[in-house]
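Visitor: Hi, I have just opened this one and I would like some help finding my way around. Could you walk me through it?

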Amino acid sequence: MTVPFPAARTAVVTGVGAPRGIGRVVARRLAREGWSLALVDVRPDGVSEIADELSGTTDVLGVPADITSPVEVRAVFDRVDDALPPVVGLVNLAGTACPTPLLELTVQEWNTSFAVNATGSLLMIQEAARRMAAVGVGRIVNTSSITALDGGGTFSKTAYAASKAAVLGLTKGAARELGPLGITANVLLPGPVDTDIMGGQLTEERKAGMAAGIPVGRVGQPDDIAAAVSFLLGEEAGYVNGASFQIDGGKLIH
Ligand SMILES: NC(=O)c1ccc[n+]([C@@H]2O[C@H](COP(=O)([O-])OP(=O)(O)OC[C@H]3O[C@@H](n4cnc5c(N)ncnc54)[C@H](O)[C@@H]3O)[C@@H](O)[C@H]2O)c1
């Protein structure tokens, strides 16, 4: 049986702390589309900035937290339970890049990549899905990368690629196990997107060079990703489950 989509519903979005990141653009779009929002990031200043910006437009709760900590993630959802409508959406966007070449990679860098990109997404899913199951409907969107398929490039190499490949398996497992509870899980694989994840290394010259290898002739913008999130979080996407969406202008066609 399909449970109706609640009119009052919350989306939890991670990775909203970076001023030019994808998370903020997603949050702005979901606010316009009627979602109440719980905004999560390890950067408290970044969380308050976007929470303040959106506070006149929808119900917003900014919750600084490190998503690698089960205790902090649980506390996020406890606060959401107290302050906002039921959790129906989860957008896992918090992530970290790792440009270290394989032969120089430390165990700590490897573990950090997995802790943020894979374990953090899992912890968020576990808490969110328990609440979605109680509602009978839920939408989870995870964020991998085309790097998971091609092994990485100049800025993000093996540890990032491997941890983002883990997100693909995580999404497929979630789709299978949570589907019967009314919850869908899907994964985005962006190509290069114009944000500061590479620590400002994506210069105009570098962007032009990258664009030359992309059939549509440009690097991606956060809006390109937000459009896909909007669809996958929506009521009409209820039959889309376990799917992977490359959003890369055709950079990796296979
Ligand atoms: N920008 C790209 O080219 C690109 C390409 C493919 C995939 N992605 C993925 O898209 C997502 C968003 O990327 P972006 O470009 O907006 O990155 P970004 O660096 O601009 O933003 C990432 C955010 O995650 C937050 N974060 C990092 N570790 C955290 C933790 N432990 N707990 C909570 N928050 C944490 C950071 O503070 C930051 O605000 C990431 O998962 C990234 O891997 C980005």
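Visitor: How many residues surround the ligand, and which are the closest?
Guide: Bearing in mind that this is a predicted model, there are 27 residues surrounding the ligand, and the closest are I22, D41, Y160, V193 and T195.

Visitor: Which side chains have an N or O atom facing a nitrogen or oxygen atom of the ligand?
Guide: Two can be named here: the side chain of D66 has an N or O atom 2.9 Å from a nitrogen atom of the ligand, while the side chain of K164 has an N or O atom 2.8 Å from an oxygen atom of the ligand. Taken alone the ligand exposes 820 Å², and the protein buries 92% of that.

Visitor: And what about the backbone, where does V42 come in?
Guide: V42 contributes a polar backbone atom, which is 3.2 Å from a nitrogen atom of the ligand.

Visitor: Which pocket is the ligand's space?
Guide: The space that the ligand takes up is the largest pocket.

Visitor: Back to I22, then. Is helix α1 mostly covered or mostly open?
Guide: Helix α1, which runs over residues 22–32, is mostly covered, with eight of its 11 residues buried. I22 is one of those buried residues, and the others are G23, R24, V25, V26, A27, L30 and A31.

Visitor: What covers them?
Guide: The cover over the buried residues of α1 includes the strands β1 (10–14), β2 (36–41) and β4 (87–91), together with the helices α2 (44–54) and α8 (222–233).

Visitor: What comes after α1?
Guide: The helix is followed by G34, a residue whose phi is positive, near 95 degrees.

Visitor: You mentioned α8. Is S230 buried or exposed?
Guide: S230, which lies in helix α8, counts as buried because its relative accessible area is 14%, and buried means under 20%. Leaving aside residues up to four places away in sequence, S230 touches R29 and E33.

Visitor: Changing topic, where is G169 found?
Guide: G169 is found in helix α6, which covers residues 158–178.

Visitor: Why is G169 called partly exposed?
Guide: Its relative accessible area is 44%, so G169 falls between the 20% under which a residue is buried and the 50% over which a residue is exposed.

Visitor: How far is G169 from V187?
Guide: Their C-alpha atoms are separated by 9.8 Å, and the two residues are 18 residues apart along the chain.

Technical notes
Residues numbered from 1 in each chain as written. Predicted model: local features only at pLDDT ≥ 70, side-chain atom pairs only at ≥ 80, totals over all residues. Heavy atoms only, no water. Buried < 20%, exposed > 50% of the residue type's maximum accessible area, 1.4 Å probe, protein only. Helix = DSSP H or I, 4+ residues; strand = E, 2+ residues; numbered from the N terminus. Contact = heavy atoms within 4.5 Å. Near = heavy atom within 4 Å. Polar contact = N/O pair within 3.5 Å; in protein donor to acceptor, adjacent residues only side chain to side chain. Areas by Shrake-Rupley, 256 points an atom, 1.4 Å probe, with all protein chains shown as cover. 1 Å grid on protein atoms, 1.4 Å probe; cavity = no way out; pocket = protein on both sides within 12 Å on 5 of 7 lines; lining within 4 Å. Sits in = over half its atoms within 2 Å of the grid points.
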